[in-house]
Amino acid sequence: TDAMRLVAAAKVRRAQDGVAKSRPFSDELQSMIKGIVKKLKGSGLEQELPMLKVPEKVTNVGLVLVTSNRGLCGAYNTFVMKRALKR
């Protein structure tokens with residue numbers, strides 16, 4: 001119905017606003033991590049820290065799928081699963 005569409009549209013708008021507000025934080029965090037990696041590059045610590053090692057060949061990739069069990073979400077769940085299978 002129209003009322004359900006309006007409620008869904010408001011929820012989507014609110015979620016989009018939340019993503020937009022978190023963007024500066026995400027950008028700043030990413031630049032901080034890049035700066036730390038640059039400082040550690042020649043120090044020899046990158047061998048001790050496995051998170052900083054860049055693999056020569058990626059063989060396995062893990063995906064976390066977020067689906068919903070609420071009403072009227074069948075199309076969303078199908079879309080998420082199809083995109084994951086394409087990958």
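Trainee: Which residues form the nonpolar patch on the surface, and how much accessible area do they have together?

Mentor: Val 58, Val 61, Leu 63, Leu 65 and Met 81 form that patch, and together they have about 460 Å² of accessible area. A patch takes residues with over 30% relative accessible area and no salt bridge, joining nonpolar side chains (Val, Leu, Ile, Met, Phe, Trp, Tyr) within 5 Å and like charges within 9 Å, while the areas come from the Shrake-Rupley method with a 1.4 Å probe, where for residues only the protein chains shown count as cover. This is a predicted model, in which local features need pLDDT of at least 70 and side-chain atom pairs count only at pLDDT 80 or more, whereas totals for chains, interfaces and linings use all residues. Residues are numbered from 1 along each chain as its sequence is written, and side-chain values use heavy atoms, with hydrogens and water left out.

Trainee: Where is the place of Leu 63, one of the patch residues?

Mentor: Leu 63 sits in the loop between α1 (2–40) and α2, where helices (H or I, at least four residues) and strands (E, at least two) are DSSP runs numbered from the N terminus. Its relative accessible area is 47%, so Leu 63 is partly exposed, the class that lies between buried (under 20%) and exposed (over 50%), judged with a 1.4 Å probe and protein chains only. Ala 75, by contrast, belongs to helix α2 (residues 74–86) and counts as exposed because its relative accessibility is 64%. Ala 75 and Leu 63 are 12 residues apart in sequence, and their C-alpha atoms are 20 Å apart in space.

Trainee: How many helices and strands are there in the protein chain?

Mentor: The protein chain has 2 helices and 0 strands. Its radius of gyration is 20 Å, well over the 12 Å that the globule rule gives for 87 residues, so the chain is more spread out than a compact globule; the radius is taken over C-alpha atoms, and the rule is 2.2 Å times the number of residues to the power 0.38. The C-alpha trace spans about 60 × 30 × 15 Å along its principal axes, and buried residues make up 7% of the 87 residues.

Trainee: What separates the C-alpha atoms of Arg 70 and Gly 44 in space?

Mentor: They are 50 Å apart, with their positions 26 residues apart in sequence. Arg 70 is found in the loop between α1 and α2 and is exposed, with a relative accessible area of 64%. From Val 37, which lies in helix α1 and counts as partly exposed at 23% relative accessibility, the C-alpha atom of Arg 70 is separated by 41 Å, at 33 residues along the chain.

Trainee: Which side chains meet in a salt bridge?

Mentor: Side chains of opposite charge can pair when their charged atoms come close. Here Arg 5 and Asp 2 meet in a salt bridge at 3.4 Å, N to O, the criterion being a side-chain nitrogen of Lys or Arg within 4 Å of a carboxyl oxygen of Asp or Glu, and by this rule the count comes to 1 salt bridge. Because Arg 5 and Asp 2 are 3 residues apart in helix α1, about one helical turn separates them, and both Arg 5 and Asp 2 are exposed.
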